[in-house]
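Visitor: I should like to learn how side-chain exposure and charged pairs are read in a model. Please take me through a case.

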Amino acid sequence: MSHTHKHQAKLLARVRRMKGQLEAIETALLAKAPCAQILNQVASVRGAIGGLTAELIEDHIREHLVDPDHEADAAKAKNAAELIDVIRSYLK
């Protein structure tokens with residue numbers, strides 16, 4: 001079973017929140033809201049997409065490559081943990 005199936009409910013909840021954020025941007029545009037407000041909402045969606053991407057990549061690494069929490073080889077575990085940290089930082 002794929003990690004996306006294991007965490008489907010959580011992932012779908014995140015996607016639905018992003019969908020709501022996008023609808024709020026549409027509403028703000030239609031209401032001719034100030035550009036600063038719209039830019040703030042766009043930044044929120046961008047952050048949410050980055051967070052979802054980071055979570056999917058992390059889960060992929062843990063499920064299909066190396067799970068640092070269960071790896072017997074200390075060097076591999078350390079490298080996998082560092083990769084996950086870099087991805088989290090990059091996608092913030």
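Guide: Let us start with Arg88, which counts as partly exposed at 37% relative accessibility. That value falls between the cut-offs of 20% for buried and 50% for exposed. Please bear in mind that the model is predicted.

Visitor: With which residue of helix H3 does Arg88 form a salt bridge?

Guide: The general test is one of distance: a side-chain nitrogen of Lys or Arg must lie within 4 Å of a carboxyl oxygen of Asp or Glu. Here Arg88 forms a salt bridge with Glu58, and the closest N and O atoms are 2.8 Å apart. Since Arg88 belongs to helix H4 (residues 74-90) and Glu58 to helix H3, the pair ties together parts 30 residues apart in sequence.

Visitor: Is Glu58 buried or exposed?

Guide: Glu58 counts as buried, at 15% relative accessibility.

Visitor: How far apart in helix H4 are Arg88 and Asp85?

Guide: Arg88 and Asp85 are three residues apart in helix H4, a separation of about one helical turn. Their side chains meet in a salt bridge with an N to O distance of 3.8 Å. Asp85 is partly exposed, at 43% relative accessibility. Salt bridges with shared partners join Asp85 and Arg88 with Glu58, Arg62, Asp67 and Asp69 into one network.

Visitor: How many salt bridges does a search of the whole structure find?

Guide: The search finds nine salt bridges. One of them links Arg14 with Glu55, whose closest N and O atoms are 2.3 Å apart. Arg14 lies in helix H2 (residues 8-30) and Glu55 in helix H3 (residues 35-65), so this pair ties together parts that are 41 residues apart in sequence. As to exposure, Arg14 is partly exposed, with a relative accessible area of 22%, whereas Glu55 is buried at 11%.

Visitor: Which residues of H2 are buried, and against which helices do they pack?

Guide: Leu11, Met18, Ile25 and Ala28 are buried in H2. The buried residues of H2 pack against helix H1 (3-6) and H3.

Visitor: What span does H2 reach, and what is expected?

Guide: The comparison sets the distance from first to last C-alpha against a rise of 1.5 Å a residue. With its 23 residues, H2 reaches 33 Å, close to the expected 33 Å.

Visitor: What is the sign of phi at Lys32, just after H2?

Guide: Lys32 takes a positive phi, of about 55 degrees.

Note on methods. Residues are numbered from 1 along each chain as its sequence is written. This is a predicted model: local features need pLDDT of at least 70, side-chain atom pairs count only at pLDDT 80 or more; totals for chains, interfaces and linings use all residues. Side-chain values use heavy atoms; hydrogens and water are left out. Helices (H or I, at least four residues) and strands (E, at least two) are DSSP runs, numbered from the N terminus. Buried means under 20% relative accessible area, exposed over 50%, partly exposed in between (1.4 Å probe, protein chains only). The expected span of a helix is 1.5 Å times one less than its number of residues. Contact means heavy atoms within 4.5 Å.
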